[in-house]
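Work through the exercises below with the model open beside you. Try each task before reading its solution.

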Amino acid sequence: MPVSFATDIRPLFTAHDISCMSRRRVKLDDYGYMSTPAGNDGFPDHAHARDVFAHLTGDSPPRMPIGGPYWSDAHIDLFKQWMADGFQP
């Protein structure tokens, strides 16, 4: 069964995460935003989700959530699988 944004990914973001990132115009709780297929200078496609992922893993500073606690490997893997599964709602 594919990983779903609504049931598997969205619940991983806390209210604090969502509030903090919304000030930076990052909509962690918005499937439409997170699944947008457009690219940017850093990613050829799905730049919003891929950028969030890079911050969650620490590949792109600052690491999220800012100040920690950071996501477990299992949560990182789930987000990675969500992307591999085609950004399912």
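**Exercise 1. A histidine and its contacts**

Leaving aside neighbours within four places in sequence, which residues is His-46 in contact with?

*Solution.* Bear in mind that this is a predicted model. Step 1: locate the residue. His-46 lies in the loop between α3, residues 31-34, and α4, residues 47-57. Step 2: set aside the neighbours within four places in sequence. His-46 is then in contact with Ser-35, Thr-36, Pro-37, Ala-38, Gly-39 and Phe-87. Step 3: check its cover. The relative accessible area of His-46 is 16%. Buried means under 20%, so His-46 counts as buried.

**Exercise 2. A residue in the α3-α4 loop**

Is Ala-38 buried, partly exposed or exposed?

*Solution.* Step 1: find Ala-38 in the loop between α3 and α4. Step 2: read its relative accessible area, which is 45%. The partly exposed class runs between the 20% and 50% cut-offs, so Ala-38 is partly exposed. Step 3: list its contacts. Not counting residues up to four places away in sequence, Ala-38 touches Asp-45, His-46 and Ala-47. Step 4: take a distance. Ala-38 and Trp-82 are 44 residues apart along the chain, and 17 Å separates their C-alpha atoms.

**Exercise 3. The two sides of α2**

Which residues of α2 are buried?

*Solution.* Step 1: go to residues 15-22, which form α2. The buried residues here are Asp-17, Ile-18, Cys-20 and Met-21. Step 2: look around the axis. These residues cover an arc of only 170°, so they sit on the same side of α2. Step 3: turn to the face pointing away from that buried side. Ala-15 and His-16 are the exposed residues it carries.

**Exercise 4. α4 and what follows**

What do the buried residues of α4 pack against?

*Solution.* Step 1: pick out the buried residues. In α4 they are Ala-47, Ala-49, Val-52, Phe-53, Ala-54, His-55 and Leu-56. Step 2: find their partners. The buried residues of α4 pack against α3 and α5. Step 3: move past the helix. Gly-58 follows α4 and has a positive phi, near 90°. Gly-58 is placed in the loop between α4 and α5, the latter being residues 73-84. Step 4: add its exposure. With a relative accessible area of 33%, Gly-58 is partly exposed. Step 5: take one more distance. The C-alpha atoms of Gly-58 and Tyr-70 are separated by 9.3 Å, with the two positions twelve residues apart along the chain.

**Exercise 5. The whole chain**

How many helices and how many strands does the protein have?

*Solution.* Step 1: count the elements. There are five helices and zero strands. Along the sequence the pattern reads α-α-α-α-α. Step 2: test the overall form. A compact globule of 89 residues would have a radius of gyration near 12 Å, and the protein's value of 12 Å agrees. Step 3: box it. Along the principal axes, the C-alpha atoms fill roughly 30 × 30 × 20 Å. Step 4: look at burial and surface. Of the 89 residues, 35% count as buried. The protein exposes about 5,200 Å², and carbon and sulfur atoms supply 54% of that. Step 5: check the contacts. Among those between residues at least 6 apart in sequence, 48% join residues at least 24 apart. Step 6: finish with charge. There are 8 positive and 11 negative side chains, and the centres of the two sets lie 7 Å apart.

Methods
Residues numbered from 1 in each chain as written. Predicted model: local features only at pLDDT ≥ 70, side-chain atom pairs only at ≥ 80, totals over all residues. Heavy atoms only, no water. Buried < 20%, exposed > 50% of the residue type's maximum accessible area, 1.4 Å probe, protein only. Helix = DSSP H or I, 4+ residues; strand = E, 2+ residues; numbered from the N terminus. Arc of directions from axis to C-beta. Rg over C-alpha atoms; globule rule 2.2 N^0.38 Å. Contact = heavy atoms within 4.5 Å. Areas by Shrake-Rupley, 256 points an atom, 1.4 Å probe, with all protein chains shown as cover. Lys, Arg positive; Asp, Glu negative; His and termini not counted. Charge placed at Lys NZ, Arg CZ, Asp CG, Glu CD.
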